[in-house]
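Dear colleague,

I am passing on the structure we spoke about, together with some notes on its aromatic rings. Please look through it below before reading on.

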Amino acid sequence: MRHKKKHTRLVYADYAAATPVDKAVLKAMVPYFLDIFANPSAIYSSGLTTQEAVNDSRRVVADILHALPQHIVFTSGGTESNNLAIYGVAHNEVHHGKHIITSAIEHHAVILPLEDLKKQGWEITYIPVDRYGFVNPQEVRRALRRDTVLVSIMYANNEVGTIQSIAEIGREILKFRNQHASALPYFHTDACQAAYLDLDVEKLHVDLLSMSASKFYGPKGIGMLYVRKGVRLKPLLYGGNQELQRRAGTENVPGIVGFATALKTARKRAQKETKRLEELSHYFLKRLQVEFPLVQLNGPVVGINRLPGVINVFFPGFEGEQLLLYLDRNGVMSSTGSACNLQTVDTSHVLTHMGLSNEQARSSVRFSFGLFTQKKDVDYIISSLKKVFLLLKS
Ligand SMILES: *Cc1c(COP(=O)(O)O)cnc(C)c1O
């Protein structure tokens with residue numbers, strides 16, 4: 001399926017799917033593969049050393065979230081964090097309701113567990129989004145019921161970059177809970193794309209928050225779920241009593257150290273990098289509009305309501321999958337944005353819920369920029385697109 005061909009350059013423009021591990025992150029991890037390998041549960045002193053590394057990492061993450069260390073649960077990634085939040089709340093026998101609210105544009109790691117719960121008799125309300133991908137907090141408020149146990153709304157969308165008003169939705173949920181003197185519903189947000197955004201769980205009024213290190217220059221296969229004090233979760237995994245009995249299994253110590261180092265590093269560069277990526281995105285869009293006047297940006301304008309490096313564009317008259325393959329032959333790595341595999345041509349549920357037709361959705365491509373994207377890479381994408389369009393038109 002993949003074409004190997006000589007190209008003058010390689011341009012990676014799929015940072016929303018995966019990021020390379022930061023050198024400093026890797027360096028921080030290495031000792032925990034080699035020398036400091038004892039099981040954190042061991043009694044002898046080198047077990048204590050690994051336990052300290054886990055504790056220190058937990059504290060670093062907790063501080064960034066304005067939470068306490070005991071509210072951080074390390075997992076195997078964003079998918080597990082989302083599954084733990086959803087099944088953990090739904091299957092906890094102390095909650096009696098059978099209603100969950102979510103948005104129409106969530107990641108599959110939220111949608112599919114919810115669809116599974118639907119088969120088990122749960123009622124799921126999908127809040128629609130507008131043409132830019134925004135959830136209206138008032139619509140969430142109107143959907144709240146006495147039997148709602150969970151609201152799950154993603155912080156920033158991985159396909160189009162739309163950033164939701166999480167704090168505002170959180171306030172509506174809090175108001176509802178106060179009015180009904182209830183601890184429910186809990187509010188979960190999938191923050192896997194939100195490493196550069198405000199992660200203060202007090203300001204956001206969230207009870208559960210998922211992250212994945214692989215999206216912010218940490219290793220793959222390590223994630224985190226913030227669990228507010230008092231939120232009772234039924235675990236997904238049973239065994240040892242790691243993570244305060246919320247997630248059994250020997251801790252992924254190098255991964256946990258990598259997660260914390262990567263998050264700390266991401267926070268340090270967040271402001272500067274956001275500005276730089278926004279400028280690159282503006283430049284890319286400007287050049288696109290000059291060279292191909294028919295293209296349209298999917299999602300909000302570049303600015304505070306959009307992830308700075310995620311640009312999703314509709315190319316009228318072209319097949320997105322085909323564009324990807326031809327761009328790949330030119331050394332440009334991009335994506336359709338939806339968790340696609342080359343076997344199935346899946347139309348993006350995000351784009352169709354934003355009002356695009358199936359055809360328009362299939363003619364859209366996501367370019368996502370990151371740490372190593374330079375202006376000359378953007379220029380190369382433009383010149384590759386020019387070549388590809390000429391080829392496909394003839
Ligand atoms: C990547 C991603 C996930 C899944 O995270 P994994 O670590 O790959 O399991 C979930 N939600 C969003 C928004 C993501 O971008």
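**Aromatic rings and their neighbours**

Lys375 lies over the face of Tyr283, with 4.7 Å separating it from the ring centre. A second charge of this kind is Arg9, which is placed over the face of Tyr380 at 5.9 Å from the ring centre. Please keep in mind throughout that this is a predicted model.

Turning to ring against ring, a search of the whole structure gives 9 aromatic pairs. One of them is formed by Tyr15 and Tyr217, whose centres are 6.2 Å apart and whose planes make an angle of 50°, so that the pair counts as tilted, the class between stacked (under 30 degrees) and edge-to-face (over 60). This pair links distant parts of the chain, since Tyr15 belongs to the loop between strand S1 (11-12) and helix H1 (23-29), while Tyr217 belongs to the loop between strand S7 (208-212) and strand S8 (223-227), 202 residues apart. Both Tyr15 and Tyr217 are buried.

Phe216 and Phe259 also form an aromatic pair, which is edge-to-face, with 5.3 Å from centre to centre and 85° between the planes. Here, too, distant parts of the chain are linked, with Phe216 in the loop between S7 and S8 and Phe259 in helix H10 (residues 253-291), 43 residues apart. Phe216 and Phe259 are both buried.

Finally, there is a cluster to look at, in which ring pairs link Phe292, Phe315, Phe318 and Phe389.

With best wishes

How values were computed: Residues numbered from 1 in each chain as written. Predicted model: local features only at pLDDT ≥ 70, side-chain atom pairs only at ≥ 80, totals over all residues. Heavy atoms only, no water. Phe/Tyr/Trp six-rings, centres within 6.5 Å; stacked < 30°, edge-to-face > 60°. Helix = DSSP H or I, 4+ residues; strand = E, 2+ residues; numbered from the N terminus. Buried < 20%, exposed > 50% of the residue type's maximum accessible area, 1.4 Å probe, protein only. Lys NZ or Arg CZ within 6 Å of the ring centre and 35° of its normal.
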